[in-house]
Amino acid sequence: MKEEKTTLLQALQAFAPVLSAAAKKELDALVELFAMFRATSIVELKNALVKQRKTFAKTPEGFVARIVDFQNGVAPDFGEPDTVETLVADFRKATNTLVKAVAKKFDIALVDKNDADAFERWLKTGVKPPTVEERLQVEIEPEIQTALELRDQTRRELTSETIKQILAVAERVKKAFKAPGLALFMRGIDAIPTAKTTTALVKELRDFLEDVALNRQKATQIRESGEF
């Protein structure tokens with residue numbers, strides 16, 4: 001009959017009666033780990049732990065921990081230390097939940113995995129990417145400049161036709177960037193947005209432009225009356 005080999009764990013357990021309380025506590029923890037991972041040898045236990053670590057590394061909590069280790073120059077529990085390349089590669093495959101966890105933990109403006117380039121620059125330089133509002137501002141700026149040129153082509157008046165043209169610019173912004181973009185557009189031409197919906201914002205903008213037109217008309221009349 002073939003003799004069964006004694007495992008390392010079994011050999012260690014044989015010494016349990018003579019171990020100190022602290023050592024026995026360590027042995028009990030090891031036994032618990034074997035049971036938890038259904039391992040029958042140290043090699044199986046190691047493989048199970050490595051597998052779990054790799055799985056954890058792809059979770060939001062694990063990915064955040066990897067970034068912290070990278071910033072502190074600390075190697076992970078298993079495997080090689082992360083590099084910018086390995087972190088960015090995993091970010092490019094990240095779920096929105098993971099990206100949001102990174103953004104919240106490090107207070108950086110990241111929306112989804114398409115922000116991988118911004119994430120990479122932050123890892124390399126420490127410079128935070130622009131916020132969503134700052135990005136929006138850059139995209140809307142040309143439309144703001146167009147509206148300002150229309151508004152200020154003459155300081156003497158603001159005609160109804162010019163108001164229509166500015167509102168047409170606002171309509172393009174509304175379609176492309178919704179209420180947040182429209183509110184930024186309004187601030188860019190000195191209108192103060194208070195409404196939440198695009199319909200209400202457009203009305204506020206129209207009222208603002210009509211007030212500008214009326215004020216210019218009054219100012220022009222005052223200037224002209226003083227000439228006589």
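Visitor: With which residue does Lys93 form a salt bridge?
Guide: This is a predicted model. Side chains of opposite charge can pair when their charged atoms come close. For Lys93 the closest N and O atoms of the pair are 3.8 Å apart, inside the 4 Å limit for a salt bridge. The partner is Asp90.

Visitor: Is Asp90 buried or exposed?
Guide: Lys93 has a relative accessible area of 61%, so Lys93 is exposed. The value for Asp90 is 14%, and the cut-off for buried is under 20%. Asp90 is therefore buried.

Visitor: How many residues apart are Lys128 and Asp107?
Guide: The side chains of Lys128 and Asp107 meet in a salt bridge, 3.3 Å from N to O. Lys128 is in the loop between α7 and α8, while Asp107 is in the loop between α6 and α7. The pair links distant parts of the chain, and the separation is 21 residues.

Visitor: Which helix holds Glu143, the salt-bridge partner of Arg172?
Guide: The closest N and O atoms of Arg172 and Glu143 are 2.8 Å apart. Arg172 is in helix α9 (residues 160-188), 29 residues from Glu143. Glu143 lies in helix α8.

Visitor: Is Glu143 buried or exposed?
Guide: Its partner Arg172, at 41% relative accessible area, is partly exposed. Glu143 has 18%, and under 20% counts as buried. Glu143 is therefore buried.

Visitor: Which residues do shared salt-bridge partners join into one network?
Guide: Lys93 and Asp90, paired above, both belong to it. The other members are Lys58, Arg66 and Asp82. The network is Lys58, Arg66, Asp82, Asp90 and Lys93.

Visitor: Why is α4 oblique to α6?
Guide: Two packed helices are described by the angle between their axes and the distance between the axes. Helix α4 (residues 60-72) and helix α6 (residues 96-106) have axes 9 Å apart. Angles under 35 degrees count as roughly parallel and 65 to 115 as roughly perpendicular. The α4 and α6 axes fall between these ranges, so the pair is oblique, at about 45°.

Visitor: How many nonpolar residues has the contact of α4 with α6?
Guide: Residues of α4 in the contact include Phe63, Val64 and Ile67, and those of α6 include Leu98, Ala101 and Val102. By class, the contact has 2 polar residues and 1 charged residue. The nonpolar count is 9.

Visitor: How far apart in space are Leu45 and Leu33?
Guide: Leu45 lies in helix α3 (residues 42-57) and is buried, at 6% relative accessible area. Leu33 is one of the residues that Leu45 touches. The two are 12 residues apart in sequence, and their C-alpha to C-alpha distance is 7.7 Å.

Methods: Residues numbered from 1 in each chain as written. Predicted model: local features only at pLDDT ≥ 70, side-chain atom pairs only at ≥ 80, totals over all residues. Heavy atoms only, no water. Axes fitted to C-alpha atoms, helices over the stretch in contact; angles between N-to-C directions. Helix = DSSP H or I, 4+ residues; strand = E, 2+ residues; numbered from the N terminus. Contact = heavy atoms within 4.5 Å. Nonpolar A, V, L, I, M, F, W, Y, C, P; charged D, E, K, R; others polar. Buried < 20%, exposed > 50% of the residue type's maximum accessible area, 1.4 Å probe, protein only. Lists of a residue's contacts leave out its neighbours within four places in sequence.
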